[in-house]
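Work through the exercises below with the sequence and the model open. Each task is followed by a solution in steps.

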Amino acid sequence: MSSDRSTPTDPDWDAIRARLASRAEREGLLDVAVERHESPLGGLLIAATADGVARLGLPSEDEDEVLAELAARVSPRVLRASRPALADARHQLDEYFAGNRRHFGVDLDWRLTNGFRRGVLEATAAIPYGETGTYTSVATAAGSPAAVRAAGTALATNPIPILIPCHRVLRSDGEIGNYRGGREAKVTLLELEAGGR
Amino acid sequence: MSRNRRTPDSLPPFERIVAEHGPGLLRFCVSRAGSGGEDVFQETMIAALRAYPELREPDAAGSWLFAIAARKVIDAGRSAARAPRPIGDPGGAIDAASPPLPPPEYDREVWTAVAALPPKQREAVGLRFIADLSHAEIGEAMGTSAEAARRNVFEGLRRLRVDGVGGVDGVGDLTEPAGGASHD
């Protein structure tokens, strides 16, 4: 992540913050819990509502911007905190990057996407591990074979990359295509899955 | 001096409020409530989190938080006096069901002017006049000496006068009374 606001050095501060977060959770005031997670791609930022993981920020994304997006589009009640959906996601991501997981069983909250874009992402989520689709194939599966560019936009704005595997969608001419987290990250993920097949 | 770029629905994530103001707020609560300081801090943050989506002026968030804390300190003192608790009873002194506090009243035009001040002056003026803290308390909250806090308040007020805010209704409240540091 690009920014890391300096945190107080008081060793009690983390414990006090954790108590605040768990009380906020108990009182139903924690609308979005966010946690950082280290991965071979770099630091990820994972956000979960009560319904599941709603956002995964890739290392290429600015952490403050991701938090601001969540505040504006979901709720300003955003806190750094753990939550079962986040613990599940982090554990499964570790297994995935270790080559020991081919399918994610994490609850997802799709509220940051809708309409045609959501259709494209649902089609993308159906592409199995180690296989690839094309922008045309996901546009077709979402009901608009001609909307290839719009499908590209849907993938470029995928709120939950990796868990919704937009890296498995390539250009029809075989080119690897763009990726929200950068071309290099896309290659890394595809190679991981090719090796684990 | 318009800083009204934000719309009401673009509050910063509460996480940022905690990161920016939490440590100073904790110091303030501990200095005012002693061993009950963390409880007051937690009560304040929970009340603030509950009311946060309704906060209309994000730039005033720090002063708003300290105003809530100042009232929670008083509540805690009252409960403790009314019903002393056995030593070791954690956190019972504060009524967890107390209703959320509305944001303190302030004059919007005045705040717009205050919001345009440099950050330290803005913070100090807000803590002095919205949260009604003494210079010593402002120093604690901002991690500076009382004297530095006094200077920040003074410079902020001076700049507001230079900017002509003195003519705005309600800014009378932003005038230090003679010997205004009396409760330092």
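**Exercise 1: Chain B and its second helix**

Chain B has seven helices and zero strands, where helices (H or I, at least four residues) and strands (E, at least two) are DSSP runs numbered from the N terminus. This is a predicted model, in which local features need pLDDT of at least 70 and side-chain atom pairs count only at pLDDT 80 or more, while totals for chains, interfaces and linings use all residues. Residues are numbered from 1 along each chain as its sequence is written, chains are lettered from A and ligands numbered from 1 in the order in which they are written, and side-chain values use heavy atoms, with hydrogens and water left out.

Task: Describe the burial of chain B, then the span and burial of helix H2 (residues 37-51) of chain B.

Step 1. Of the 184 residues in chain B, 47% are buried; buried means under 20% relative accessible area, exposed over 50%, and partly exposed in between (1.4 Å probe, protein chains only).

Step 2. H2(B) has 15 residues and spans 21 Å from first to last C-alpha, close to the expected 21 Å. The expected span is 1.5 Å times one less than the number of residues.

Step 3. In H2(B), 12 of the 15 residues are buried, so this helix is largely enclosed by the rest of the structure. Among them are B:Val40, B:Phe41, B:Met45, B:Ala48 and B:Leu49.

**Exercise 2: The open sheet of chain A**

Task: Give the strand order of the open sheet in chain A, then its pairings.

Step 1. Chain A holds seven helices and six strands. Four strands make an open sheet, ordered E3-E2-E1-E4, with mixed pairing; two strands pair if DSSP finds at least two bridges between them.

Step 2. Strands E3 (52-57) and E4 (78-80) of chain A are at the edges with a single partner strand each, so one side of each has no neighbour in the sheet. From one strand to the next, the twist averages 30 degrees.

Step 3. E1(A) and E2(A) run antiparallel, joined by seven bridges, and form a hairpin with two residues between them. Across this pair, A:Arg36 is opposite A:Leu45.

Step 4. E2(A) and E3(A) are likewise antiparallel, with five bridges, and A:Ala48 faces A:Val53. In E2(A), eight of its eight residues are buried.

Step 5. Strand E1 (residues 32-39) of chain A runs parallel to E4(A), with three bridges. A:Ala33 stands opposite A:Leu79 there. Helix H2 (residues 63-73) of chain A packs on the sheet and touches E1, E2, E3 and E4 of chain A, its direction making about 140 degrees with that of E4(A). Contact means heavy atoms within 4.5 Å; axes are lines fitted to C-alpha atoms, for helices over the stretch in contact, and angles run from 0 to 180 degrees between N-to-C directions.

**Exercise 3: The nonpolar cores**

Task: Which residues touch the most other members of the largest nonpolar core?

Step 1. A nonpolar core is a set of buried Ala, Val, Leu, Ile, Met, Phe, Trp, Tyr and Cys residues joined through side-chain atoms within 4.5 Å.

Step 2. The largest core has 90 residues, and A:Leu56, A:Leu93, A:Ile162 and B:Phe14 touch the most other members. Helix H3 (residues 61-82) of chain B gives the most to this core, nine residues.

Step 3. Beyond four places in sequence, the contacts of B:Phe14 include A:Pro76, A:Val78 and A:Leu79, together with B:Met45, B:Ala48 and B:Leu49.

Step 4. Another core, apart from the largest, has 10 residues, including A:Val32, A:Val34, A:Val66 and A:Leu67.
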